[in-house]
Amino acid sequence: MSVFDRFVRPRAESLHPFWVMVQKEMADHLRSWRFVILVSILVLTCIGSLYTALSTIREAVPKQDGGASFLFLKLFTISDGTLPPFITFVSFLGPLLGIGMGFDAISSERNKGTLSRLLSQPLHRDTVINAKFVAALIVISVLLFALGFLVMGLGLIAIGIPPTPEELGRMVFFLALSVLYVAFWLSVSILFSTRFRQAATSALAGIAVWLFFSVFFPLLVNLTAAATAPAAQTPENVLSHQQFILNLSRLSPSQLFSEATTTMLTPSVRSLGPLTMEQIYGAIPSPLPFGQSLLLVWPQVTGLLAATAVCFAASYVLFMRQEVRSRN
């Protein structure tokens, strides 16, 4: 009896059908040219943003009074102006990664006629869509954490200063938050892939939603701010109006992600909304601890998690109710 028959085959046969589907979907993602192109773009932008951050750090360190305080976090946040920082690239390219990983999750199986064959096996219908989401989420998680630790490793070699435990915790939470942000766009693309039969239509719908929240929604918020500006410029009216506009802008997932990542990677941020002089008076200008920053961004994290769950639940219900016919 060979080694394969003794060890590999029994292990493969003992796997749950869900994990077999997950492994199959992960292999399909890793072998596709689409994934190679997306990874190449992310790696190039990651290296470019790291280079500009290191150039800026060398110029900024002698001017700082605090020495190397939270210096490692600046690898993700600062730039010399030629290229945006790493967090901006994640905010801009993350939706493209999520849409690219899920826009043909269901529609491609339906168009190729393999969906009916897949469901004819002793396999639950919900296993198919759950496995597709989990497989893409695992690939995205490994990719983003690998890029994040690549930036940390290259930065450690370049500046020679290891991160403190608090800095490491902030960076790991930032990477987990980036995975959640991309998972939202992945769930949106799977929803469109379930709703539309053509993969091109699904991709265009996902890109349209991304462009709306990235370009047009801030314009609508600015127009609303100008139209609803209070006539009497009293402190109470101005503060209430600013809070209303801030809450309106937080309907965008990119705004939630931007606020959460900026707070986690910039410990000096102590508030995410307008403050009065009474609230500012007596405050000590010091960075927030990691736990306090986490409490500050917890509403944004909850909002992203809820939006992801709602979109995936909608695609789940739609897929479970759809009629699947075999192609002759």
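Here is a short chat about a predicted model of one protein chain.

Colleague: Happy to dig in! How many helices and strands does the secondary structure of the chain come to?

Modeller: Reading from the N terminus, the elements run α-α-α-α-α-α-α-α-α-α-α-α-α-α. The secondary structure therefore holds no β element, and the tally is 14 helices and 0 strands.

Colleague: Is Thr 261 buried or exposed?

Modeller: Thr 261 lies in helix α12, which spans residues 253-265. Buried means under 20% relative accessible area. Thr 261 has 2% relative accessibility, so the residue counts as buried.

Colleague: Nice. Which backbone oxygen does the side chain of Thr 261 reach?

Modeller: Let's set the farther partners apart: beyond four places in sequence, Thr 261 is in contact with Phe 174 and Leu 177. The side chain also has a polar partner, at 3.2 Å. That partner is the backbone oxygen of Ser 258.

Colleague: Phe 174 caught my eye. Which helix gives the most to the largest nonpolar core?

Modeller: That core has 78 residues, and Phe 76, Leu 97, Met 101 and Phe 174 touch the most other members. With 15 residues, the top contributor is the helix spanning residues 165-195, namely α9.

Colleague: And which residue with number 265 is in contact with Phe 76?

Modeller: Leaving aside neighbours within four places in sequence, the contacts of Phe 76 include Pro 85, Met 171 and Phe 174. The list also has a residue at 265, and that one is Leu 265.

Colleague: Last one, then: what share of the 328 residues is buried?

Modeller: On the outside, the chain exposes about 17600 Å², with carbon and sulfur atoms supplying 67% of it. As for the buried residues, their share of the chain is 42%.

Note on methods. Residues numbered from 1 in each chain as written. Predicted model: local features only at pLDDT ≥ 70, side-chain atom pairs only at ≥ 80, totals over all residues. Heavy atoms only, no water. Helix = DSSP H or I, 4+ residues; strand = E, 2+ residues; numbered from the N terminus. Buried < 20%, exposed > 50% of the residue type's maximum accessible area, 1.4 Å probe, protein only. Polar contact = N/O pair within 3.5 Å; in protein donor to acceptor, adjacent residues only side chain to side chain. Contact = heavy atoms within 4.5 Å. Core = buried A, V, L, I, M, F, W, Y, C linked by side-chain atoms within 4.5 Å. Areas by Shrake-Rupley, 256 points an atom, 1.4 Å probe, with all protein chains shown as cover.
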